[in-house]
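Here is a note to a colleague, set out as numbered points to be read beside the model. It opens at one terminus and then moves on to sheets, rings and charges.

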Number of protein chains: 2
Amino acid sequence: MPNIANDPTRKSWINVPENSDFPIQNIPFGVFLTKEDVITIGTRIGDSAIDMGALQQLGYFEGIDLTDDMFMQDTLNDFISDGKKTWRLVRNRLAELFDINNPKLRDNKDHCEVVIFDLADIEMLLPVQIGDYTDFYSSKEHATNVGKMFRDPENALLPNWLHIPVGYHGRSSTIVPSGIPVHRPMGQTLPNGENSPVFGPSRLVDFELETAFITTDANVMGENIPVNEAEDYIFGMVLLNDWSARDMQKWEYVPLGPFLAKNFASSISPWIVTMDALEPFRVKGPKQEPTPLPYLQQKGKHAYDINLEVYIEPENAEATLVSKSNFKHMYWSMSQQLTHHTSNGCRVNSGDMMGSGTISGPTEDSYGSMLELTWGGKNPIKMNDGSERKFINDNDTVIMKGFCQNSSLRIGFGEVSSKLLPTFVRK
Amino acid sequence: MPNIANDPTRKSWINVPENSDFPIQNIPFGVFLTKEDVITIGTRIGDSAIDMGALQQLGYFEGIDLTDDMFMQDTLNDFISDGKKTWRLVRNRLAELFDINNPKLRDNKDHCEVVIFDLADIEMLLPVQIGDYTDFYSSKEHATNVGKMFRDPENALLPNWLHIPVGYHGRSSTIVPSGIPVHRPMGQTLPNGENSPVFGPSRLVDFELETAFITTDANVMGENIPVNEAEDYIFGMVLLNDWSARDMQKWEYVPLGPFLAKNFASSISPWIVTMDALEPFRVKGPKQEPTPLPYLQQKGKHAYDINLEVYIEPENAEATLVSKSNFKHMYWSMSQQLTHHTSNGCRVNSGDMMGSGTISGPTEDSYGSMLELTWGGKNPIKMNDGSERKFINDNDTVIMKGFCQNSSLRIGFGEVSSKLLPTFVRK
């Protein structure tokens, strides 16, 4: 089925500001709460949110095989379960409906009034119920930087890294959408030179610049997903700030991996941008040397050219751009990650989320964490307001942005923005 | 409110075989499917399963504040959310209803027919939708054995182990109830003396003898649960076989912990035995030296005397008892685990599951995994049929049993039994 929603010449009758991440060629999916306390599935064009539940009730999805309440739900899980063909049919229908030359909805004022919302009048919620969250570690630059700092500068990459898309399980219960503030965690740390740990607020709270992909039901238990089929099971992507407490991580992570240093919060951008929308921005990934084992070998373009930016905004001061990276640097592709994840028969369900791992580029200003940007706190970052940052301060807001851009089209994610509050005080 | 369901002198009008794990003092909770394809919440007395959905429809829970369809659901999550007071009211009501001296249901043949099922006529399902699954590593004997084999025999315990109830996140999507077979996983391993990994069936599939506890909603994000309150948030326990592929684990686990070596399957016993039912079997846990940090300090009895057994049953042969352990050996208590888990503000929800980690006792016949019982395959176990086992063979069934016993009472878990099938073949 042609992906007609991607036609770069199409314009919408909804106003789209210049350089918007959300032209009519994007059509991402999300879940929002209206002022009338209605939760609905929706999409976004320009700065307008569109209530797809209302659209469905008004008959605008007629002819597409959907359950009656498909878009009147509080998660996208069921829609994602319906599979790639349905995602494309719905996206194409929305493209046609909001096409500048289509009067059907455009000229129906009553319908427009119940379907179209100003972004300021809605609250974005988590788009999916995330059953399982996996975080990979697939940036060679990041793994190398961490290895240099914490292990052996001469042998920074561990022996398995070039063979395995290394990953581990994260915590679903603390994944929150953009806008929800996060508390500085308490935890155990081992002071330098001491033998006994102390308990208190983490002193080294960091962001990790990541993206994540959302899957559909991929397999039954025991079954694997071949690498050349893996992309069929990826619905779309979001931006992910994988909050980290470096001092807690250092003390706890051997031998079973990071735990409390990571699971206090992970923030995601609320609009899932579909793989269909990102299709024009496919590029070839880095050369993989040594050649991966056959089950991970793939040909063609499986990386995506997504510009990424991180800003830190102190309280009552303007934001400072602290990192510019790109998703195309990732060594392991999303299809390799999903194939590896299911290679042992691990079941993957609709709404599962898989993070990329910190996305660091090759240059010092493209690193994806404060740990790397300040090299463990040795080289503080100068902020626009004159202050310095080694890690994140209380009441700083960390903002991540992501967008694809070519000569005719910009497709973006918007942002994931979250403020670090001081340690939680029990009322 | 008195826990009258625990009265050891009470007898039921339902027949309870001698040495049953399920006398009227147990009253565990589970979810089952009837031959009529109805899914319901239920309990078990002797070898009878009791349909609590039907009981509720017939008015037997009147006077207890429950939503109308509380027990006509396919998971216990909502019931668990209702909290400790409700759990106790319902358990007390069931104890009274099935008391040998209570004619109300006993003498109502029509009601009995729709409420009571033979175990052979139902299928046990997963009792909860597990949002997040955490696995701890809280047996000192197990951590020491693993440290001796894989790291430094002189410094077997890692420096953080005596300070932190070490844990990591597991995968919810592959947790299955007793009776569901499991496939031998495929995966990457590094052959001895080689530099490059190979991909194929794991050669070292192992069980891990564990228990797990199920939580209720404990906190909002940011909030911690003090150690002296933690027990209020623990609903009950199950047996857990945390299937493991040792050769895959060895190659993948540094630095982020076990991943595909564990997430192909975890099997649990289907009846959740409540903490109320286990109350008579509280004992003091091992002395903790050094004293934990203040947030983990607790007085009194927080361990439980639960006998544990593991059997391996080859195809067409009788089972062999390969390990006898006890939950009371655990160094860290469940309340310390839950308190540590929430000490950074990590949100814990109704239906979350937390595994103990492998429960090894102090003697060689009480180790909780084949890895330890055969000391890495060096000392194979003799089976009753004359064969030997270093690890688990295809078509072996691993059976774990657990029960508490004192002079007047036996409260048990039944079993978690699962067969290891050969590697999955795609149809």
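1. Leaving aside neighbours within four places in sequence, P2(A) is in contact with R88(A) and N92(A). This is a predicted model, and the contact should be read in that light. The C-alpha atoms of P2(A) and N92(A) are separated by 8.8 Å, although the two residues are 90 apart along the chain. P2(A) belongs to the segment before β1 of chain A, and with a relative accessible area of 57% the residue counts as exposed.

2. In chain B, an open sheet of 5 strands follows the order β4-β3-β2-β1-β5, and its pairing is antiparallel. The edges are taken by β4 (116-118) and β5 (122-125) of chain B, each of which has a single partner strand, so that one side of each is left without a neighbour in the sheet. Averaged over the sheet and with direction ignored, neighbouring strands are turned by 45 degrees against each other. The partner of interest at one edge is strand β3 (residues 48-51) of chain B, which is joined to β4(B) by 3 bridges in an antiparallel run; across this pairing, A49(B) stands opposite F117(B) in β4(B).

3. Chain A has an open sheet of 5 strands in the order β9-β26-β25-β20-β21, in which the pairing is mixed. Here β9 (182-183) and β21 (320-326) of chain A stand at the edges with a single partner strand each, and therefore one side of each is left without a neighbour in the sheet. Within the sheet, strand β25 (residues 397-405) of chain A runs antiparallel to strand β26 (residues 410-421) of chain A, and 9 bridges join the two. I399(A) in this pairing stands opposite S417(A) in β26(A).

4. How many aromatic pairs does a search of the whole structure find? Over all chains there are 26. One of them is formed by F32(A) and F117(A), whose ring centres are 5.9 Å apart and whose planes meet at 65 degrees, so the pair is edge-to-face. Since F32(A) lies in strand β1 (residues 30-34) of chain A and F117(A) in strand β4 (residues 116-118) of chain A, the pair ties together parts that are 85 residues apart in sequence. Both partners merit a look for their accessibility: F32(A) is buried, at a relative accessible area of 0%, and F117(A), at 14%, also counts as buried.

5. A further aromatic pair, F259(A) with F136(B), is likewise edge-to-face, with 6.2 Å from centre to centre and 85 degrees between the planes. F259(A) lies in the loop between α7 (246-252) and β16 (266-268) of chain A, whereas F136(B) lies in strand β6 (residues 133-136) of chain B, so the pair joins two chains. F259(A) is buried, with a relative accessible area of 2%, and F136(B) counts as buried at 1% relative accessibility.

6. Ring pairs also link F29(A), F61(A), F71(A), F79(A), W87(A) and F235(A) into a cluster. Rings meet charges as well: K401(A) lies over the face of Y311(A), at 5.0 Å from the ring centre, and in chain B the charged end of R410(B) sits over the ring of F403(B), 3.9 Å from its centre.

7. Turning to salt bridges, a search of the whole structure finds 42 over all chains. Which residue of chain A forms a salt bridge with R171(B)? The partner is D352(A), and the closest N and O atoms are 2.6 Å apart. This pair crosses between chains, from the loop between β7 (167-169) and β8 (175-177) of chain B, where R171(B) is found, to the loop between α9 (334-342) and β22 (353-355) of chain A, which holds D352(A). R171(B) and D352(A) are both buried.

8. Other salt bridges involve residues with accessible area. D107(B) and R106(B) form one in which the closest N and O atoms are 2.9 Å apart; D107(B) counts as exposed at 51% relative accessibility, while R106(B), at 32%, counts as partly exposed. Salt bridges that share partners join D206(A), E208(A), D242(A), R246(A) and K262(A) into one network. E279(A) forms a salt bridge with R282(A), where the closest N and O atoms are 2.8 Å apart, and E279(A) counts as partly exposed at 34% relative accessibility.

Key:
Residues are numbered from 1 along each chain as its sequence is written. Chains are lettered from A and ligands numbered from 1 in the order in which they are written. This is a predicted model: local features need pLDDT of at least 70, side-chain atom pairs count only at pLDDT 80 or more; totals for chains, interfaces and linings use all residues. Side-chain values use heavy atoms; hydrogens and water are left out. Rings of Phe, Tyr and Trp (its six-membered ring) pair if their centres lie within 6.5 Å; planes under 30 degrees apart count as stacked, over 60 as edge-to-face and the rest as tilted. Helices (H or I, at least four residues) and strands (E, at least two) are DSSP runs, numbered from the N terminus. Buried means under 20% relative accessible area, exposed over 50%, partly exposed in between (1.4 Å probe, protein chains only). A charge sits over a ring if NZ of Lys or CZ of Arg is within 6 Å of the ring centre and within 35 degrees of the ring normal. A salt bridge is a side-chain nitrogen of Lys or Arg within 4 Å of a carboxyl oxygen of Asp or Glu. Two strands pair if DSSP finds at least two bridges between them. Axes are lines fitted to C-alpha atoms, for helices over the stretch in contact, and angles run from 0 to 180 degrees between N-to-C directions. Contact means heavy atoms within 4.5 Å.
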